[in-house]
Structures are given as structure tokens and as C-alpha cells.
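Student: I would like a close look at one loop residue in this model. Please start with the residue and then put it in the context of the rest of the chain.

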Amino acid sequence: MAKVLDADYPDDLFYDMENQIWYAAEPDGAVRAGFTPWAVGLMGDVLVFTPKRTGLDFEKDRWIAMVEGGKWVGAARAGFDGTVLGHNARLVDEPELMMKDAFGEGWMMRLRPARDDWRDGLVTGEAVTAAFDAWLLTGAYKDRTG
């Protein structure tokens, strides 16, 4: 398991460093997605989760959900093209789940990738720590808003 700051990042997930989103491949070809604990920590208290509607298509780097926190309001941006299959209904009513369990009950979306190469450009396993450190040094996160 990779360690990023004080959080363990599971080896079986795929991480979009630029957008700080994790992806879990599911047996039926769908992909579950959520914000990384580091991203959630930047938001402060998560107050509102608004997902893109089921059935809508999305493009890489475009929004799949909007999140409002005490310190940040912005978009969860996709790491690949696809279609929204659904969202975590509990998160709409209990957005604080994102802070309590980012890799578990705080997941956001179920997505269907448009292509089989959706993993290209994402990081997994032991490479996560070095990739995160390199991304953090760029300071790109300072410019990210909705």
C-alpha cells in the first residue's frame, strides 16, 4: 500500500494525480470513482455533493460532480471519457462520508469508460507516492477551482 502524507492509498486503485480522483475497476467493466483523502482534506468540511446525471456522457478533464466544502468549491474532473452509470446516493444526503471514508463509503460515481484504454495516464501501486510528490511540487493544485 502506498503512503501519501498520512494516508494509505490502496494498490488496486488507479489514481489521476492532476484531478486527485481514484478509480476502482469493477467486474462488470464499470469504474467506481472518488476523491483522494488529500483532496478531501483541502476542501474542509464537505457540505454539498452534486453528481452529473445518470446516462450523461462526459469527456476527460470535464466535470462528473460538483463539490462544495468549507474551504473549496469545485468540480470532480474525469480522467477519461465515458458515461455516468450512477452515483452514491448516500453522499448526496451525507456528504461528510467523503471526509470519513474517502476510499470506501465516500465514493462518488459509477462510470462506464468509453474505451478500454481508460487506465492510460493513471498511476497505481508503489508508483503513487513518487507521482504524488512530483505533482505536489508543481503547485498545480493551487489553481484548481470549479
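What is the relative accessible area of D61, and which class of burial does that give?

Tutor: The relative accessible area of D61 is 37%, which makes the residue partly exposed. The class follows because buried means under 20%, exposed means over 50%, and partly exposed is what lies in between. The coordinates are those of a predicted model, so this value is computed from a prediction.

D61 sits in the loop between β7 (57-58) and β8. Its backbone has a positive phi of about 70 degrees, although D61 is not a glycine. Most residues other than glycine have a negative phi. A second case is Q20, again not a glycine, with a positive phi near 55 degrees. Q20 belongs to the loop between β3 and β4. With a relative accessible area of 3%, Q20 is buried, whereas D61 is partly exposed at 37%.

The strands on either side of D61 belong to two sheets. Take β8 (residues 63-69) first. This strand is the middle member of an open, antiparallel sheet of three strands in the order β6-β8-β9. The edges are β6 (46-51) and β9 (73-77), each of which pairs on one side only. Averaged over this sheet and ignoring direction, neighbouring strands are turned by 25 degrees against each other. Five bridges join β8 to β9 in the antiparallel sense, and A65 stands opposite A76 in β9. One side-chain arrangement can be added for W63: K52 lies over the face of its ring, at 4.3 Å from the ring centre.

The other flank of the D61 loop, β7, is part of an open sheet of six strands, antiparallel, in the order β3-β4-β5-β11-β10-β7. In this sheet β7 is an edge strand that pairs on one side only, and the other edge is β3.

The opposite end of the six-stranded sheet contains two consecutive hairpins. Strand β3 (residues 14-16) and β4 run antiparallel and are joined by three bridges. Y15 is placed opposite W22 in β4. Four residues separate β3 and β4 in their hairpin, and Q20, with its positive phi, is in the turn. Strand β4 then pairs with β5 (residues 31-35) over five bridges, also antiparallel. Here the bridge partner of A24 is R32 in β5. This hairpin has five residues between the strands, and G29 takes a positive phi near 95 degrees. As for cover, four of the five residues of β4 (residues 21-25) are buried.

Aromatic side chains connect several of these elements. There are eight aromatic pairs in the structure. One of them is F14 with W118, an edge-to-face pair with the centres 5.4 Å apart and 70 degrees between the planes. F14 is in strand β3 and W118 is in the loop between β11 and α4 (127-138), so the pair spans 104 residues and links distant parts of the chain. Both F14 and W118 are buried. The two also belong to an aromatic cluster together with Y23, F58 and F80.

Another loop residue gives a contrast in burial. G106 lies in the loop between α3 (97-100) and β11 (109-113). G106 has 0% relative accessibility and counts as buried, while D61 is partly exposed. Leaving aside neighbours within four places in sequence, the contacts of G106 are N88, L91, L97, M98 and D101. The C-alpha atoms of G106 and R90 are 8.5 Å apart, and the two residues are separated by 16 residues in sequence.

Some totals for the whole chain complete the setting. The protein has four helices and 11 strands. Of its 146 residues, 47% are buried. The exposed surface is about 7,400 Å², with carbon and sulfur atoms supplying 50% of it. Of the contacts between residues at least 6 apart in sequence, 63% join residues at least 24 apart.

To return to D61: the residue is in the loop between β7 and β8, has a positive phi of about 70 degrees, and is partly exposed.

Definitions and conventions:
Residues are numbered from 1 along each chain as its sequence is written. This is a predicted model: local features need pLDDT of at least 70, side-chain atom pairs count only at pLDDT 80 or more; totals for chains, interfaces and linings use all residues. Side-chain values use heavy atoms; hydrogens and water are left out. Buried means under 20% relative accessible area, exposed over 50%, partly exposed in between (1.4 Å probe, protein chains only). Contact means heavy atoms within 4.5 Å. Accessible areas come from the Shrake-Rupley method with a 1.4 Å probe; for residues, only the protein chains shown count as cover. Two strands pair if DSSP finds at least two bridges between them. Axes are lines fitted to C-alpha atoms, for helices over the stretch in contact, and angles run from 0 to 180 degrees between N-to-C directions. Rings of Phe, Tyr and Trp (its six-membered ring) pair if their centres lie within 6.5 Å; planes under 30 degrees apart count as stacked, over 60 as edge-to-face and the rest as tilted. A charge sits over a ring if NZ of Lys or CZ of Arg is within 6 Å of the ring centre and within 35 degrees of the ring normal.
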